[in-house]
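Open the model in your viewer and keep the selection panel at hand. The tour below goes from one selection to the next and says what is there.

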Amino acid sequence: MVENRPFLNFLTHLVLILGVATVVFPVYLAFIASTRGPADFMTGVVPLTPGDQTWANYGALLGAGSTEAGAPPFLLMLGNSLIMALLVAFGKIAISILSAFAVVYFRFPGRVIAFWIIFMTLMLPIEVRILPTYKVIADLGMLNSFSGLVIPVIASATATFLFRQFFLTIPEETMEAARVDGAGPLKFFWDILLPLSRTNIAALFIIMFIFGWNQYLWPMLITTEPHYYTVVMGIKRLAAVLDGDTQWNLVMAGVILAALPPVLVIIFMQRLFVKGLVETEK
Amino acid sequence: MQTKRTVFKSRLLPYLLLAPQLIITLIFFVWPAGQAIWQSFLRQDPFGMKDTFIWFANYTRLLGDADYMNALGVTVVFSIGVTALSMGASLLLAVCVNRVIRSQRFYTTLLVWPYAVAPAASGLLWWFMFNPSVGIIPYGLNYLGYNWNFRLNPNDAMILVIIAAAWKQISYNFLFFVAGLQSVPHSLTEAAAIDGAGPVKRFWTIVFPLLSPTTFFLAVINITYAMFDTFPIIDSTTSGGPAQSTNILVYKVYADGFIGLNLGPSAAQSVVLMLIVVLLTIVQFRWIERKVQY
Amino acid sequence: MFKKLSIAAAAIALSATSSMAATEVTWWHAMGGKLGQKLEDVAKKFNESQSEYKIVPVYKGTYPETLTAAIAAFRAGQQPAIVQVFEVGTGTMMAAKGAVYPVYQLMKDAGEPWDPSKFLAPVTGYYTDPQGNILSMPFNSSTPILYYNKDVFQKAGLNPDVAPKTWAELGEMSKKIVSSGAAKCGFTMSYGASWVGLENYSAIQDLPYGTKQNGFGGMDARLTFNGPHQAAFWDQLKKWHDDGSYKYGGPSGGADAAPAFYSQQCAVYMNSSASRADVIANSKFNVGFAPMPYDDKVTKDPKNSIIGGATLWVLNGQKNKEVYKGAAKFFTYLSQPDIQADWHQFTGYLPITNAAYELGQKQGYYAKNPGSDIAIKQITRGTPDDNSKGVRFGNLSQIRDALDQQLEAVLAGKKTGQQALDDGAKQGNAILTDFQAANSN
């Protein structure tokens with residue numbers, strides 16, 4: 001810290017505590033629901049204190065709960081989601097850091113068009129182009145496969161755009177110095193650009209991991225075999241009770257359990273954040 | 001479109017670098033999206049058994065549709081509200097987190113939870129919180145003397161969907177603002193402090209301009225988010241009501257196309273929506289980006 | 001040792017080939033939770049009952065997601081043999097002439113026994129063509145009934161064993177409940193502007209919902225639900241809403257209605273008869289069951305109510321024609337009285353055959369489970385006529401959405417019932433014009 005201002009420090013913590021409390025409140029509510037009986041959330045004002053059904057609910061979910069709802073075992077779904085999330089996160093970051101590098105550090109015919117084509121992927125949600133996209137996947141024989149699940153969602157304008165923004169902030173001298181040292185573009189990319197991008201890669205990894213983790217509609221459409229079930233599909237299936245009674249407690253326990261792996265990723269990735277901090281302190 | 005002043009010289013390499021992403025985008029996005037655009041000129045039954053080319057009839061119809069014009073206005077309010085709220089709140093939180101050292105990890109971990117909650121479930125959570133019978137928030141507001149009813153009061157409904165949509169995006173913005181803030185060199189702020197600039201002035205004159213590439217990135221992302229990715233939130237909270245007051249363009253596309261299977265008209269709507277956002281983005285790149293300091 | 005192993009291997013190989021020989025019949029469905037489990041159970045029991053065919057149930061999300069998935073698959077030549085479609089998708093399926101293999105045709109082609117007179121007419125009638133041929137296999141059907149909180153009735157000084165028979169009585173009782181402080185509101189309902197509050201209101205009072213026998217007569221039918229009685233009813237709802245008797249349950253399915261009833265804010269709740277299990281599980285009070293109220297200002301002789309739910313459609317285009325034989329066999333199996341009775345009693349959906357209902361009576365099921373036969377009695381009273389056979393309009397889901405918005409405008413005091421229903425009919429008819437244009441050459 002530059003200087004010590006007790007009032008400002010107090011204010012900072014106050015804002016943080018209030019802000020975090022507000023932002024986390026809905027998640028807290030999900031947790032509360034997961035510790036209570038199925039009817040507790042419908043029969044009076046939503047309770048705010050944990051109940052005594054925690055172990056029963058989580059035990060039921062990890063045991064027979066999800067299969068009773070017709071979904072595959074919970075751990076299998078967690079595994080599928082993990083594969084999908086990792087493939088999506090690595091895939092997106094890999095292809096988009098390369099394309100951003102091309103767009104910022106080279107001048108070549110078609111550069112602007114290429115950027116805009118990539119950029120447009122932000123602008124037509126899957127629900128709108130679902131029939132033609134499904135047909136492409138079916139024609140390529142990619143139904144019921146991990147490649148069909150992952151590759152179509154890998155094209156990411158977000159990541160390319162973020163890397164472009166970041167590369168533009170890197171001082172010109174960095175590259176000039178590298179060129180004086182005789183480094184070619186790939187060496188420059190590998191030795192200088194990649195390490196510099198670490199904080200952004202960490203932030204993107206978290207975002208993309210969660211994006212892959214939470215995929216629902218796409219896997220639901222293009223798979224027909226239960227062993228491709230993702231955890232969000234399982235939750236939806238638990239929650240989507242038509243006329244019968246919904247097991248809110250199990251649904252919310254599923255929500256909390258499904259959010260744990262992304263949160264672990266965040267905790268792990270934070271080392272990269274903090275490292276970034278230490279380095280700029282130098 | 002910007003590049004570095006000095007660039008690498010290579011004929012083939014940039015194309016090779018772009019190839020993986022471009023190929024995937026062309027096959028899995030541009031090709032099907034092109035078919036969706038083609039569909040906007042057709043009248044077609046859902047199963048694709050028969051179709052008629054009807055030129056711009058699907059488009060001209062939109063112009064005469066009062067609900068559609070209403071949805072345009074609603075979308076403007078909604079998008080500005082979501083973008084401003086989620087970016088403002090997350091910038092404030094990011095600046096605060098950046099000031100504290102020891103508890104940084106703790107706060108960051110908590111703040112990313114909303115993003116980790118499955119979108120399918122977050123709608124349920126909002127429904128539980130704002131439900132007029134069992135929701136905690138109407139209960140609290142009632143206690144304070146405000147009769148909350150988002151089912152019939154358009155303002156309540158708009159506030160609800162803006163909060164719900166912004167909430168989902170706070171974690172996202174927060175992460176990138178923190179990443180941006182951490183790359184601001186401390187030497188700069190320290191120098192300013194020595195010159196006697198207070199924390200607020202330091203933030204606006206030094207930190208915020210350095211943050212502008214991140215802010216620009218997030219502004220573009222948030223507007224496209226608000227305009228394209230928010231229909232599940234509308235669907236699980238207000239369904240566009242009461243009386244069309246929260247019916248945004250993309251929800252109409254979703255309701256007409258995905259639920260109603262009215263393919264031609266819904267494709268036309270999504271093309272219009274896409275054109276609006278493309279225009280908006282071009283404006284942003286042309287004019288706003290000039291103010292960005294790289 | 002080695003010998004044993006090889007015998008085991010041979011046995012495995014043998015069993016593998018025998019299961020390979022079974023023709024797979026895929027069945028896409030939209031049932032999550034316990035119902036989904038029960039559905040898979042039905043499929044499993046069928047598979048165990050014979051060895052030629054194997055039904056493979058696949059959960060495909062919500063009703064709209066399942067329908068969209070099936071359509072996407074059809075367009076790509078990957079369609080399932082059987083798909084479960086909700087009643088608002090009926091218009092879409094009926095219009096898709098070449099895509100659908102009508103059930104009556106399927107049964108005839110496969111040589112399966114098929115006697116429509118054994119089915120409950122109000123159930124199958126919803127899914128027949130103008131010639132009376134059944135186009136899809138009814139699977140899960142229900143009809144709205146009235147649930148009420150006996151404890152609150154007692155507290156308000158009402159007889160807990162007497163449910164309101166007419167809307168006027170319901171209004172009177174609601175006033176008493178609210179003014180006595182027994183509960184905050186009198187009644188609430190799901191599908192307030194659509195299935196319960198308009199489609200069934202019109203059917204029970206024998207009022208037309210649209211032209212051409214409510215759309216059964218062809219795609220050029222148009223909506224006429226904006227009659228004076230329906231308009232007066234919506235105005236009455238507004239009055240009840242203002243004095244606290246009625247609480248709006250929210251758009252589409254009316255998800256706010258259930259918690260309002262379970263939390264004892266509202267004393268009366270109208271929703272699907274299939275919600276009975278849910279109501280019993282969530283009510284910490286004594287629940288009474290009754291038929292839907294009728295409007296004695298309009299009729300003294302209430303008609304049957306109409307159904308909702310989903311049916312099983314068979315899609316054309318399977319390369320292996322054996323698949324259709326399997327589907328037909330499965331439908332025969334589904335119609336058996338014991339299978340039907342078991343499904344109906346477990347899920348709360350209506351039985352589709354008279355035999356299943358009679359079996360339930362013989363088993364003493366209805367005597368043991370009060371309220372479980374109200375729905376059956378309600379749909380079978382009188383003879384269904386053009387106004388009470390059902391409603392069949394293309395894109396019904398969008399028409400319902402438009403009506404939700406209209407009822408909200410009435411309750412917010414922006415429109416009268418007549419204005420709102422006129423506007424709703426106008427919007428709905430524009431949707432129908434589109435639908436007709438898209439589905440005919």
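A residue is called buried if 20 or more other C-beta atoms lie within 10 Å of its own. Keep that in mind at each stop, and note that this is a predicted model.

**Stop 1: strand E3 of chain C**

Select residues 82-86 of chain C, which form strand E3. Which way do the residues of E3(C) point? C:Ile82, C:Gln84 and C:Phe86 point one way, while C:Val83 and C:Val85 point the other way. In a regular strand the side chains alternate between the two faces of the sheet. Five of the five residues of E3(C) are buried, so the strand is largely enclosed by the rest of the structure.

Now add the partners of E3(C). Strand E1 of chain C, residues 23-29, pairs with E3(C) in the parallel sense over two bridges. Find C:Trp27, which stands opposite C:Ile82. Strand E11(C) also pairs with E3(C), here in the antiparallel sense and over five bridges. Within E11(C), look for C:Trp313, the bridge partner of C:Val83.

**Stop 2: strand E5 of chain C**

Keep E11 of chain C, residues 308-315, in view and add E5 of chain C, residues 137-142. These two strands are antiparallel and are joined over five bridges. One place to check is C:Pro138, which stands opposite C:Thr311 in E11(C). Is E5(C) enclosed or open to the outside? Six of the six residues of E5(C) are buried, so this strand is largely enclosed by the rest of the structure.

**Stop 3: C:Tyr349**

Go next to C:Tyr349, in the loop between helix H15 (337-347) and helix H16 (354-363) of chain C. C:Tyr349 has 27 other C-beta atoms within 10 Å, and is therefore buried. Leaving out residues up to four places away in sequence, C:Tyr349 touches seven places you can select by name: C:Asn140, C:Ser141, C:Ser142, C:Ala274, C:Gly309, C:Trp343 and C:His344. For a distance to try in the viewer, take C:Tyr349 and C:Phe233: they are 116 residues apart in sequence and 29 Å apart in space, C-alpha to C-alpha.

**Stop 4: the five-stranded sheet of chain C**

In what order do the five strands of the open sheet run? The order is E8-E7-E9-E6-E10 in chain C, with mixed pairing. At the edges are strand E8 (246-247) and strand E10 (287-290) of chain C, each of which pairs on one side only. Strand E7(C), residues 185-189, runs parallel to E8(C), and two bridges join them. C:Thr188 stands opposite C:Lys247 in E8(C).

Two helices can be added here. Helix H8 of chain C, residues 167-179, packs on the sheet and touches E7 and strand E9 (266-272) of chain C. The direction of H8(C) makes about 130° with that of E7(C). Helix H9 of chain C, residues 195-204, also packs on the sheet, touching strand E6 (144-149), E7 and E9 of chain C. Its direction makes about 125° with that of E6(C).

**Stop 5: the two domains of chain C**

Colour chain C by domain: domain 1 is 2-142 + 308-368, and domain 2 is 152-305 + 393-439. Taken over C-alpha atoms, the domain centres are 32 Å apart. Eleven residues of domain 1 of chain C are in contact with 17 residues of domain 2 of chain C. Helix H4 of chain C, residues 90-95, gives the most to the domain 1 side, with three residues. That side has five nonpolar, six polar and no charged residues.

**Stop 6: chain B against chain C**

Show chain B next. How many residues of chain B are in contact with chain C? There are 27, and they meet 36 residues of chain C. Strand E1 (42-44) and helix H12 (249-259) of chain B each supply at least two residues of this side. H12(B) gives the most, with three residues. By class, the chain B side has 14 nonpolar, nine polar and four charged residues.

**Stop 7: two helices in chain B**

Stay in chain B and select helix H8 (residues 186-194) and helix H9 (residues 199-210). They pack at an angle of about 145°, with their axes 10 Å apart, and their crossing is right-handed. H8(B) makes the contact through B:Leu188, B:Thr189, B:Ala192 and B:Ala193, and H9(B) through B:Arg202, B:Ile206 and B:Val207.

**Stop 8: chain A against chain B**

Finally, show chain A: 88 of its residues are in contact with 91 residues of chain B. The chain A side divides into 62 nonpolar, 18 polar and eight charged residues.

Notes
Residues numbered from 1 in each chain as written. Chains lettered and ligands numbered in written order. Predicted model: local features only at pLDDT ≥ 70, side-chain atom pairs only at ≥ 80, totals over all residues. Axes fitted to C-alpha atoms, helices over the stretch in contact; angles between N-to-C directions. Helix = DSSP H or I, 4+ residues; strand = E, 2+ residues; numbered from the N terminus. Left-handed = near helix turned anticlockwise from the far one by under 90°. Nonpolar A, V, L, I, M, F, W, Y, C, P; charged D, E, K, R; others polar. Domains from an automatic or database assignment. Buried ≥ 20, exposed ≤ 12 C-beta atoms within 10 Å, placed from the backbone. Pairing = 2+ DSSP bridges.
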